[in-house]
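Let's take a walk through this structure together. Have a look at the model first, and then we'll go from single residues to empty space to the whole chain.

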Amino acid sequence: MTNPLYDALVAPLAERRDDVLIDAVGAGMSGAELYGRAMRLAAALAGAGLVPGDRLAVQIEKSPQALALYLGAVAAGVVFLPLNTAYTPEEVDYFVGNSRAAMLVGDPAKAEALHAVAARHGARFQTMDGAGAGSLPDLAAEAGDFTPAARNPDDLAAILYTSGTTGRSKGAMLSQSNLLSNAEVLVREWRFTKDDVLLHALPIFHTHGLFVASNVVLRSGGRMIFLPGFKLDQVIELLPRATTMMGVPTFYTRLLNDPRFDRDLVGHMRLFTSGSAPLLAETHRQFEDRTGHRILERYGMTETNMNTSNPYDGERRAGTVGFPLPGVELKITDPATGATLPDGEPGMIEVRGPNVFLGYWEMPEKTREELREDGFFLTGDIGVIDPDGYVSIVGRQKDLIITGGFNVYPKEIELILDEQPGVLESAVVGVPHPDFGEGVVAVLVAAPDSAPDLVRIRTALEQSLARFKQPKHIAVLPELPRNTMGKVQKNLLRKELESVFALQR
Ligand code: AMP
């Protein structure tokens, strides 16, 4: 009997007496303890009637016990379906209904509303809080031994719903081998070993914190400083005990804003990685100036796990996401025809490999639209490959602006805006325009204690950009709306600015 993900990530914990998880005050949980919890939770799931292939929806705070629940689901062969803790019960309702989950585990603080959600869809309901207590752990405490369920490499291990900024979100079906192959590649490429201590401040309802961070550490036999979230003071205090950190770009900009974050604090560190949103080349340079470290930027998504990475040895090139990982094929195609484009031309990034998901849960037509029969997945990201083979992301296809029939890639304009004096960062969006269909709008955030000079900025744009690409409207906002993973939410900006051209008439 086999269960490849259990064999690789869970079983080895049973023998480990060392602390696999370390909390903010230095208290540890041994591998054996984590293993015991995972197996008791697996027994509790099975005892409640869940069978392999059933979906387990969870909306709980990050904690060692929450990680044990993920590992318990792997052992029980149950499909893990983690949900953003910010979702309202109304939003959770969609995921439970769409996935036909057999059980929903939620925070006791929201028990009443979530219980009603579960009941509406015929799912069982259990609780677990941020300290790892609740009705499910209570059941687990009484559970007996558990024999892991048999699973094949192609069996589902998890369904992760896409963040769904356009339309309803879709459940990406990830198999055991999707997760395992990616963890193994990343362990090798990023040189993770049992001596590593990862500072883990990412959420575990998302692919970055759950699969990239946790699976890689579990696979390598290393340890994690497992924090409920990113708190600047805490991270600065704990960095001296870590060897590696995985972050979203906002982690690094926040650290750079603090004078305590310097060369001495992180001189001993082995690796910083960044992903989930673009890391500004400027942040990359500032980070190196301050610390002597070059952040290793990589690129992935819910549906594909990780696709590309800058090299561990060799040049980590700012503003790029590096090369396709071993086993991953990547090509740039014409979004209209699907034909492969020559290097240097921007187009749709398509990827194929053992990392690419099986399709969208019960949405065959969406799957057909995005996953070609030959296995290539249309990522929706527009990218370009430079003469040395480095991939850069120019933007999302859905962010492409079509103004007067011309295509405008926001990134091209954002890169210029970001360089202007007095500008901290920028975002460019298209909003309805009575003559052009869409009009280009730039949103600027001022650098601390400065005000961008809009006349000067317009002159700079006129010098470097064709007229149709120049923003027809520039707005200055206090900050850009971002989600938990640090991604700029352009849909919110478009909404906020949707009538600027209508009003100008
Ligand atoms: P998610 O499915 O939430 O992980 O979001 C995946 C999307 O995040 C990708 O399709 C990209 O648009 C974006 N993304 C991930 N990593 C990077 C990166 N290093 N640079 C730019 N965008 C990224």
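## A walk through the model

E362 sits in the loop between β18 (359-360) and α13 (364-370). Keep in mind that what you're looking at is a predicted model. What makes E362 a fun place to start is its backbone: phi is positive, about 50°, although the residue is not a glycine.

N305 gives you another case of this kind. Its phi is near 55°, again a positive value in a residue other than glycine. N305, though, belongs to a strand, β14, which covers residues 305-309. And is N305 buried or exposed? With a relative accessible area of 2%, N305 falls under the 20% cut-off, so it counts as buried.

N305 also leads us to some empty space. In general, rolling a probe the size of a water molecule over the atoms shows where empty space is left. Search the whole structure that way and you get 1 cavity of 30 Å³ or more. The space inside the largest cavity comes to about 40 Å³. Which residues line it? N305 is there, together with L179, N182, A183, L186, F211, V212, N215 and V216. Two elements give two or more residues each to this lining: α7 (176-189) and α8 (207-220). As for chemistry, the lining splits into 6 nonpolar and 3 polar residues, with no charged ones.

While you're at helix α7, find R188, which lies in that helix too. R188 has 54% relative accessibility, which is over the 50% cut-off, so it counts as exposed. Now trace from R188 to P326: the two are 138 residues apart in sequence, yet their C-alpha atoms are 9.9 Å apart in space.

Next, the open spaces. The second largest pocket has a volume of about 410 Å³. Its lining is made of 24 residues, and the closest to the pocket centre are L202, P203, F205, P228 and T484. Which elements supply at least two residues of that lining? They are β4 (79-82) and α10 (249-256). Helix α10 has the largest share, with 3 residues. Sorted by class, this pocket's lining has 14 nonpolar, 6 polar and 4 charged residues. So much for the pocket; compare the cavity lining, where no charged residue turns up.

Time to zoom out. Count up the secondary structure and you arrive at 17 helices and 25 strands. How compact is the protein that they belong to? Its radius of gyration is 23 Å, close to the 23 Å that the globule rule gives for 505 residues, so the protein is as compact as a globular protein of that length. Laid along the principal axes, the C-alpha atoms fill a box of roughly 70 × 50 × 45 Å.

The R188 and P326 pair can serve as a lead-in to the contacts of the whole protein. Take contacts between residues at least 6 apart in sequence: 64% of them join residues at least 24 apart. Burial can be totalled as well, with buried residues making up 57% of the 505. Finally, the outside: about 20600 Å² is exposed, and carbon and sulfur atoms supply 51% of that area.

Key: Residues are numbered from 1 along each chain as its sequence is written. This is a predicted model: local features need pLDDT of at least 70, side-chain atom pairs count only at pLDDT 80 or more; totals for chains, interfaces and linings use all residues. Side-chain values use heavy atoms; hydrogens and water are left out. On a 1 Å grid over the protein atoms alone, a cavity is a set of points where a 1.4 Å probe fits but cannot get out, and a pocket is an open set with protein on both sides within 12 Å along at least five of seven lines; lining residues have an atom within 4 Å of a point. Grid points are joined across faces, edges and corners, and a volume is the space filled by probe spheres set on the points. Helices (H or I, at least four residues) and strands (E, at least two) are DSSP runs, numbered from the N terminus. Ala, Val, Leu, Ile, Met, Phe, Trp, Tyr, Cys and Pro count as nonpolar, Asp, Glu, Lys and Arg as charged, and the others, Gly among them, as polar. The radius of gyration is taken over C-alpha atoms; the globule rule is 2.2 Å times the number of residues to the power 0.38. Buried means under 20% relative accessible area, exposed over 50%, partly exposed in between (1.4 Å probe, protein chains only). Contact means heavy atoms within 4.5 Å. Accessible areas come from the Shrake-Rupley method with a 1.4 Å probe; for residues, only the protein chains shown count as cover.
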